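Visitor: Hi! Could you show me the model so we can chat through it?

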Amino acid sequence: MVFKLNNHLLSRIASSNGHGEDSPYFEGWKAYDSNPHHPMENPNGIIQMGLAENQLSFDLIQDWLKNNPKASICTPEGVNEFREIAIFQDYHGLPEFRNAVAKFMAKVRGNKVTFDPDRVVMNGGATGAHETIAFCLADPGEAFLVPTPYYPGFDRDLRWRTGVKLIPVDSESSNNFKVTREALENAYEMAKLDNIKVKGLLITNPSNPLGTMLDRETLRSIVRFINEKNIHLVCDEIYAATVFSQPEFISIAEIVQEDIECNLNLVHIVYSLSKDMGFPGLRVGIIYSYNDAVVSCARKMSSFGLVSSQTQYMIASMLSDDEFVGKFIRESKTRMAARHRVFTDGLAQASIKCLETSNAGLFLWMDLRGLLKEKTFEDEMALWRVIIHEVKLNVSPGCSFHCTEPGWFPGLHRQHG
């Protein structure tokens, strides 16, 4: 006998499409998964250009691991620590891990700021960190403002299980997609008209997908905005160490320590080692909050997505090696800059321009408006289908990043060695 599954037997989450898999961003991933390119076994498959993965400096990581076998409890040299690390660890995290992460965060930001290890909360990657911070700051139906274009995964990470809304803050190519006070005010007022309570503003700095940074005056303006509205500011800084040319990265931590009126209880940083170190598989996500209540709640919630104690132990050893960390950061930026030049030069030869202010991240923002028959999102989708099904490249259309202008596409200058 065959039984039909009725959706009413499932939860609201299980029976809904809140994950966002119907987005072209995830459709492209499915197309790649079903037909991945391989130079020998499947040369006509789809090439993955939709994954921000930094592998350029893996040789430095591998050399360090070979020279520091005690850093792993799964080697003959480190096995004596196996029992102590493998037994139960609470959700505060290993002290040496939190100390090393706080020190690394400061190093990445040029040691212009310091971070308190007791405010470091671990999570299962930036995905887990974002969802946890959403749970801490907003109730279902309440909202965060998010400048566009923004990472499509935010629609899943912050909304799906929390019930929180995301309200786009529109930006334009005419000013290189800068975040303006006018746009913030417009989005905030529109939310009020729709009877939606805005609880916070989420910014990504450096930006995914623009590859640009927020300058000091923009960051100051944002701090003034959230203070006036008495809403939270969540700063995703997971690409902080990927800035490969001037100007230098400015962290929100640097802004709030200036002589500027700021309620620190409203400021929170999301960080991870997925992009700066190239460790997405290790799932090392971090929440750093200046709010004691948020630190306490997030730490309790981290029980649902802890970083394994084995990973904590290894990361603590690696990030405590000052000489290695300094060399890694310098060399990684040099290699990223070189790869960025190769990619943009190649696109220029094909008469494809990119956002010129890009100097960070693992991607750039390509202007393909000239390839559209009409400047519509329908034609953008038509071009995307040609790119993925005929050209065999998995890149996402700008509409999946909530870009308000059709014809912009993210380009990942794939960070493979």
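Visitor: Which residues of α11 are exposed?
Guide: Asp292, Ala293 and Lys300 are exposed, on the other side of α11 from its buried residues. Buried here means under 20% relative accessible area, exposed over 50%, and partly exposed in between, with a 1.4 Å probe and protein chains only. Helices (H or I, at least four residues) and strands (E, at least two) are DSSP runs, numbered from the N terminus.

Visitor: Before we go on, what kind of model is this?
Guide: This is a predicted model, where local features need pLDDT of at least 70 and side-chain atom pairs count only at pLDDT 80 or more, while totals for chains, interfaces and linings use all residues. Residues are numbered from 1 along each chain as its sequence is written, and side-chain values use heavy atoms, with hydrogens and water left out.

Visitor: Thanks! Back to α11, which residues are buried?
Guide: In α11, which spans residues 292-301, Val294, Val295, Ala298 and Arg299 are buried. Seen down the axis, the buried residues of α11 fall within an arc of 130°, so they line one face of the helix. That arc is taken from the directions between the helix axis and the C-beta atoms.

Visitor: And what do they pack against?
Guide: The buried residues of α11 pack against α5 (95-108), β2 (120-124), α6, β7 (267-272) and β8 (284-289). Contact means heavy atoms within 4.5 Å.

Visitor: You mentioned α6. Is histidine 130 buried or exposed?
Guide: Histidine 130 is buried, with a relative accessible area of 1%, and its place is in helix α6. Leaving aside neighbours within four places in sequence, histidine 130 is in contact with Phe154, Asp157, Leu158, Leu202, Asp236 and Val270.

Visitor: New topic: how many salt bridges does the structure hold?
Guide: It holds 22 salt bridges, each being a side-chain nitrogen of Lys or Arg within 4 Å of a carboxyl oxygen of Asp or Glu. One of them joins the side chains of lysine 199 and glutamate 142, at 3.4 Å from N to O. Lysine 199 lies in strand β5 (residues 198-204) and glutamate 142 in the loop between α6 (125-137) and β3 (143-147), so the pair ties together parts that are 57 residues apart in sequence.

Visitor: Are those two buried or exposed?
Guide: Both lysine 199 and glutamate 142 are buried. In another salt bridge, arginine 159 pairs with aspartate 155, with the closest N and O atoms 3.4 Å apart. There, arginine 159 counts as partly exposed at 36% relative accessibility, whereas aspartate 155 counts as buried at 14%.

Visitor: Which salt bridge sits within helix α8?
Guide: Glutamate 185 and arginine 181 form a salt bridge at 2.9 Å, N to O. Both lie in α8 (residues 181-193), four residues apart, about one turn of the helix. Glutamate 185 is partly exposed, at 21% relative accessible area, and arginine 181 is partly exposed too, at 24%. Elsewhere, salt bridges that share partners join Arg216, Glu217, Arg220, Arg224, Glu254 and Glu258 into one network.

Visitor: Let's do sheets. What is the strand order in the open sheet of three strands?
Guide: The order is β9-β10-β12, with antiparallel pairing. Strands pair if DSSP finds at least two bridges between them. β9 (353-354) and β12 (408-412) stand at the edges, each with a single partner strand, so one side of each is left without a neighbour in the sheet.

Visitor: How many bridges are there on each side of β10?
Guide: Two bridges join β9 to β10 (residues 363-367), and five join β10 to β12. In the β9 pairing, lysine 353 stands opposite aspartate 367 and cysteine 354 opposite methionine 366. Toward β12, phenylalanine 363 has leucine 412 as its bridge partner.

Visitor: What lies across that sheet?
Guide: Helix α13 (residues 322-349) lies across β9, β10 and β12, running at about 10° to β10. Axes are lines fitted to C-alpha atoms, for helices over the stretch in contact, and angles run from 0 to 180 degrees between N-to-C directions. Four of the five residues of β10 are buried.

Visitor: Last one: where are the cis peptide bonds?
Guide: One runs from threonine 148 to proline 149, with omega near -10°. Another runs from glutamine 246 to proline 247, with omega near 0°.
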